[in-house]
Structure formats: structure tokens, C-alpha cells
Amino acid sequence: MSDYTLNKLKAPRLLYWGIFLFLGFLILIGLASSAYMEHEGHYVTGMNNQIVWGLPHIFAVTLIVIASGVLNIASMSSAFNKKLYKPLAPLSALFAIAFLIAGLIILVLDLGRPDRLIVAMTTYNFKSIFAWNIFLYSGFFVILAVYIWSMLDFNVNRFSSLVGKIAFGWRIILTTGTGSIFGFLVAREAYSTAVLAPLFIVMSLLYGTAVFYLLLRVISRLQSIDIPDEITKNIRRLMIIFLLANIYFLILYHITNLYISKQIAVESFILLNGGGYTTMFWLGQVGLGLVIPLLYEMTNDEGRSFGLTITSLMVLVGGFFAVAVIIIGGQAFPLNIFPDHIILESSFYDNVIHSYTPSIFEFGLGVGGTSLALIIILILITNLKFIPVKK
Amino acid sequence: MNNRRHFLVKSASALTMTFIVPSLLSSNAQAKKPLDQKVTDKKSWGMHIDVDKCADGCTACVDACNEENGLTGFGRPETDSQWIRKIKIKDKTTEKITTMPMLCQHCENPPCCDVCPTGASFRRVDGIVMVNQHTCIGCRYCMMACPFKARSFVHETLSTQNTNAPRGKGCVESCNLCVNRIDHGSETTACEDACIKAGHNAITFGDLKDSNSKVRLAIESNSPRRLRDDLNLKQKVFYSNI
Amino acid sequence: MLRLLIISSLIFVCMASLQPSNAHDGNPHISPGKSKADSQEACVEPTDVMRKEHYLFLLHQRDETVVNGIRTKNHSLANCIDCHVSYDEKGKAIPINAEGQFCQDCHVKTATNITCFSCHAAEPRYPNHEKTISKDELKEISKIAKRIKDE
């Protein structure tokens, strides 16, 4: 793929406006949901004093993890000199910006006091990984902007490799920070482990690649051009590697926990008797998200693109459930305040599995945020030259 | 002549304002720490709870805390704030059943303060762990981090707050050892008061650095321990007979 | 002698005035109801300083109070409310952030929103302290505890 130019997306007008209006409608629903939640207070949501982070956080963390991972295509071309992906690198960075904006907006709009965002951006407690994340996320925007500039502007193109390496390193630190939000928490047995950081990194690689391929397919359909076979085959190989990496870290995390006596209770909750959470884990995260895609792709030697599309979709659904099990499942299991006692009664639900029923407003906010990412991508690729086309 | 008259009227009323009115307003004038001085680490507030003295079915401490801090429920137990709660536990080995109050443990190494992105959750120099609600953005990370589930989030608009306990929608809150009352010279927290008045004397509060304080006496005459002391959080709330 | 009588009765009338009077700088009070501020000669700072910078005092004081435990009344928000809240004819406090009351008067005109009262009580409201244990009762209990310890 050495002879190419970058063009604007040339989609049929009706289709473009149809998608635009649909996404815009979903965004408006998201804004309305968030306004209602903020005005009434969080009692209208399913989140409470037991499950403090819910559906919006699942969406937000998934989007941020995707944002970090979707840049991998560009990182491979700049940091690892894989020339195959060079034409797609600017597009990959653009996707990263869009998904990061979406994830952060969902997080901010779910805050108890979103009007205090300025406080959050100017007052820092640097012991908190959250504070570092605010710095990492906003810094990532700057780096992505510089990276895209270095790739598109001929005059500074010689710096694109260096900036690409910096972006790659920043990405690793950022995803470590995201995983450490949970990894640094001593209170909950499902968290409090260093392995969550690398687990989040391989999750980002897997989901990011899946999302990238899906968006590539959508663009190729909109513009009626074909994705070169070479790219499809290469992405298939990447998916297999990342699926294996995810399985590795997941097994490592759970087996280590099973070895540690005080973690067995929460492990049997997730793996055996957690009801909905166990179903989400085995059917969603493991089955749909890891095992079935892996088995299929390993047999998909010709690299059929339709099969890869289905695989990517399955991986994303499984990924959503994976984040849900981590965030909600980790909170549903009650705290172990008295290791030598059973709690018989408590007015604060200390003795029961905490229940969580997401409200329509949280779902609206999450979907609205995802639509925001997609509409940003749609607007930018239609008005700026990012789509690589053979000359 | 006129000017002198004017001056006398003005100074008389100014003097009245400065000396008489303030003392009328604050009856508890014998503050341990003067109101205009910064709090120091000369005091280290702590609490001792003897669970054998805690009575099953009694909620005096919870009611007193609700009264003191204006915690009105909304009939929604999953989202209503609880700064102190009663728990009934059973020992796995001896099968002894005890009830006890559970509240913020005011740790010396508080996980909630470590994770707060803005530093709103902080530990005052005299040991009280509290939330600076001017800086809290309502992210609820501290609620994820607390091993004792001490924190509550305000899920709805409030309108009947107490003047001595400002609290509002969107911020996180927890027991602050009646900090307003303590700063104004009270020697007891509301929960301790109520427990004494109810005749149980299970809760004792005071200055851990004062060797004659009732909390030091309580700690020295029992063998208290901290909850989850494997976490090394060095809480200021001690429990005996668990 | 006569002059002294006139002066003292004037002072008495001013201080004991129950009528909604002019504010301390001569301007008529607009808030309905009567507040303690009606009978005061001056605020804690000169009026034009307060008008321009009351929020600076509050911003500084809130950090001093929450973080450092300084609870002097001078710039305390609770004290502002205590003085400036109006009481209706039945003696019940009108929330200070209600329409036409002290804060909203200026803040509506200047179109600046204040969020203080999402958390702070808009009228003086204190817990019922009748059930408070007295200091003497407390001393008795401490003595008993010490005696038990020494035994």
C-alpha cells in the first residue's frame, strides 16, 4: 500500500444525513438523561450507596479502553515500523480522540457535581490515581493532536516516528492508570491487585483492534471501496494474539485469587453463585468475548472479512460484559469488615449481595456518549482528508 | 456639639455589638480551642466502643446523629445517608451474637483521602477525617475505597439542612465526629451523648493524647482492637469485646 | 439634662425599633419581613466593601473553617444568615434565598447564580440540644470510670 492519497469520505448524501440525524437524536437523549439525573439527583438512577458506579461507568471505561487500543494501529506503524498500517495511522489517531472525548464526557456528566469540573481540573491530590488520570487523559489529547499533525504535514513528517513512540508510551501509562483505578483499592477483594493494569492493557488492544476493524468495514461500505486482503489477514492475526493475551491474564487473575484463601469468597461469587454476574462472566466475557471468537478465527485461515466482522462484534459485546463484571460484580459482593463473623443484620446492606438495576437514564447517557464518538468520527472524516485511497 | 453626639451614639452601639451580642449568641464560651485559632495536632480525637454494652434494638446513637446533622430520610433506604449504623454480627467460632454501631473509623492512613482526585476528602490535623464539600465533585471514588462503607452520597436535593451541618446533593459525606460541635467546645459527640443518656455508655469519645480523658481510660481498662487491622489503616475508633 | 434625656430616648428608640426601618446606610430595606440586620448600625465590614467583596470573604473563610477549624463569627456564612434572614409576622424565618429576600435582591439584578444554599441552611436551624448531657453529669461519669480503672 505505497501508492495512496488521503481523501474525504464520499458517502451518499442521504445516508450521511440519515446517520447524522440518528446519532444526533441519540446524543440529545443522552444530554436529556444527564440533565434529568443532575437536576433530580442520583436517586432516579439505579446507583445507590452500595453500587456507586454503574452503567455510565461501564460505558465510560469501555470507551476509554477502546480509545487507548484503537491507537494501536498507528502505534504499529510509527513505533514498530509496520508499513502496512501507515495509510491508516491518521484515521486510527482520529478514532482515539473521538472515543476518549466520549468516555470522558460520560464520566463528567455522571458526577454528582459536574459544575465543579473546573475544580477537578485545577485542584489535584496527586496521591490519587484519578488525579493522575485527569492529567493523562488531557495530555493524551495534546499528544494525539501533535501526532496527527506530524503524520499529515509533510514539513514535520520526520518527527512522526518519535511522536508515535511517545504516544505509544503515553498510552501504556494511561491504560495502566485506568486499570489502577480499581487495582489500587484495598477495600474490595475483587480489586486490589496489580494484574488489573496489564489486564486492562490487553483488553484495550483487543477491543481497540475490533472497533478499528468494524469502523473500517463501515467506511468501506459507505464509500464502496474494498479493504485490502492483506490488512484483513493481518488484523485477524492480531486479534488471535490479543485474544490469547486476554485469556492468559484472565486465567492468571482468577487462579491467583483462588489460591489466596481470603479471596475465595469473591471468586466463587463471580465464578459460581453470583447469579447474573456469573452468567455475564461465563457466557458474555469468556464465551462470547474470548473463546468463540478465538476458535472461529483460528479456523478462519482465508481471513474472511465477514467472519472477522462478526468476531469483532462478539468481542465488543463480550468486552462490555467483562467491564460490567469488574465494575458491578466487584461492588455487588459485600465488604468483608468482620472476617471472623457473619453479619446478621444491617441497615446499610452490609450482609447481602448488593442489587443493581440500571435505569433508563443511565443507559441513555451511555448510548448518547457512544453516539457522540461516532458522530465526531463521521463529521471529521467527511470534512477532513483521512481516508486512504489507492491512487 | 452635634458631632460629639453623633460619635457617642455610634460608639455606644458599636460597643454593644462587639461585646454583648456575641456573648448572647454563644453560650458555650469556654471553648477548649479558641474559635479564631487554627486547629492543631495537640489533640487527637478518638472513640472507644464497648460492644458488650451496646443494646440490641437500641438506635439512640443513630437517631441522635440524624438529629444533630439534619439527616432526613426519604423512605429510600438504598440511597438515604447513614453516618452511623447498627450492625448485628455473630462470631463464627463462639456463635456469640453482638450488636454494635458502625461509623467512619477516622483512619490515620485513610484510603478515602488517598483516592480523592481533588483532595476534598481529607484528614484534619487533629485526626478527624471529613469531606470538604466545597471541593467535592461527587465522583464517589472514596465510597469505592472505604473498607468500612462509611461514606454516603446525597442522591437528592435537600432543603432542610441544619446550620451546623451543611450538606447537599451531589456530594459525599460521612461521620465527622461532630466537628462543628467539638470546635465549639463540646466534650461529647451526639452519639456518645445519646448512648450515655440511654444508660448504656457503650460509646466513649475524647482526646487520645490526654491521658486523663475518658476515652483513654476506656481504652486502657479494656483490650480494644481495630477492625480489619490487617489493613494497617490505624483507625482512631477502637472496639472492645468483639 | 434635657439634652441628655432626648439623646438617650433617641438611642432607646433606635435600638428597640421594631419597625422595618432603613438599612444601615440609609437605603430602604426591600425584603419583606424583619431581620436582625434592620436594627444594626453596620455590617461586619463597610457596606461598599461588602457589596464588592463579600464573596472573597466567604471564599477565604470557608477554607479557614473547614480545613483549619476557625469558626469566628465575623465572616461566617452562618452568622450572615443569622443576621440577614427575615422573619414574617408569625415569627417564622423566611428562607434567605427566597424571591425578594436579602441574597436574591442583588443576585437576580446582577444575574449571578449562587449555589450556597444547595448545601447551607437558608434559615437558622439547629438540632434540638435539650437532650444534651450536662458537663456535671459528664464529670461524674469520668470519675466513676477512673475509680474503676484504679481498682
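# Three chains in a predicted model

Read along the sequence, chain C runs α-β-α-α-β-β-α-α. That comes to five helices and three strands. The model is predicted.

## Chains A and C

Chain A has 13 helices and three strands. Its radius of gyration is 21 Å, close to the 21 Å that the globule rule gives for 391 residues, so chain A is as compact as a globular protein of that length. The C-alpha atoms of chain A fill a box of roughly 75 × 50 × 40 Å, taken along the principal axes.

The table sets out the same kinds of values for chains A and C.

| Chain | Helices and strands | Buried residues | Contacts joining residues at least 24 apart, among those at least 6 apart |
|---|---|---|---|
| A | 13 helices, three strands | 49% of 391 residues | 78% |
| C | five helices, three strands | 21% of 151 residues | 47% |

## The nonpolar cores

Which residues have the most contacts inside the largest nonpolar core? They are A93(A), A96(A), F99(A) and C61(B). This core has 180 residues. Its largest share comes from helix α4 of chain A, residues 89–110, which gives 16 residues. Apart from it lies another core, of 11 residues. Among them are C80(C), I81(C), C83(C) and A122(C).

Look more closely at A93(A). Leaving out residues up to four places away in sequence, A93(A) touches L71(A), A74(A), L144(A), Y147(A) and I148(A).

## Two covered helices

Helix α2 of chain A covers residues 55–70. It has 16 residues and reaches 22 Å from its first C-alpha to its last. That is close to the 22 Å expected at 1.5 Å a residue. Is α2(A) mostly covered or mostly uncovered? It is mostly covered: 16 of its 16 residues are buried.

Chain B has its own helix α2, residues 60–69. Why is α2(B) described as largely enclosed by the rest of the structure? Because eight of its 10 residues are buried. These are A60(B), C61(B), V62(B), A64(B), C65(B), N66(B), E68(B) and N69(B). C61(B) also appears among the residues with the most contacts inside the largest core.

What covers the buried residues of α2(B)? The cover includes β2, β3 (97–103), α6 (190–197) and β8 (203–207), which belong to chain B. After α2(B) comes G70(B). The phi of G70(B) is positive, near 70°.

## Where chain A meets chain B

How many residues of chain A are in contact with chain B? There are 37, and they touch 46 residues of chain B. On the chain A side, three elements give two or more residues: α5 (117–122), α6 (129–152) and β2 (341–346). β2(A) gives the most, with six residues. By type, the chain A side divides into 19 nonpolar, 12 polar and six charged residues.

β2(A) also pairs across the chains. Five bridges join β2(A) to strand β2 of chain B, residues 84–91. The two strands run antiparallel. Within this pairing, S346(A) stands opposite I87(B) in β2(B). β2(B) has a second part to play in this picture, as it is included in what covers the buried residues of α2(B).

Definitions and conventions: Residues numbered from 1 in each chain as written. Chains lettered and ligands numbered in written order. Predicted model: local features only at pLDDT ≥ 70, side-chain atom pairs only at ≥ 80, totals over all residues. Core = buried A, V, L, I, M, F, W, Y, C linked by C-beta atoms within 7 Å. Buried ≥ 20, exposed ≤ 12 C-beta atoms within 10 Å, placed from the backbone. Helix = DSSP H or I, 4+ residues; strand = E, 2+ residues; numbered from the N terminus. Contact = placed C-beta atoms within 7 Å. Nonpolar A, V, L, I, M, F, W, Y, C, P; charged D, E, K, R; others polar. Pairing = 2+ DSSP bridges. Expected span 1.5 Å × (residues − 1). Rg over C-alpha atoms; globule rule 2.2 N^0.38 Å.
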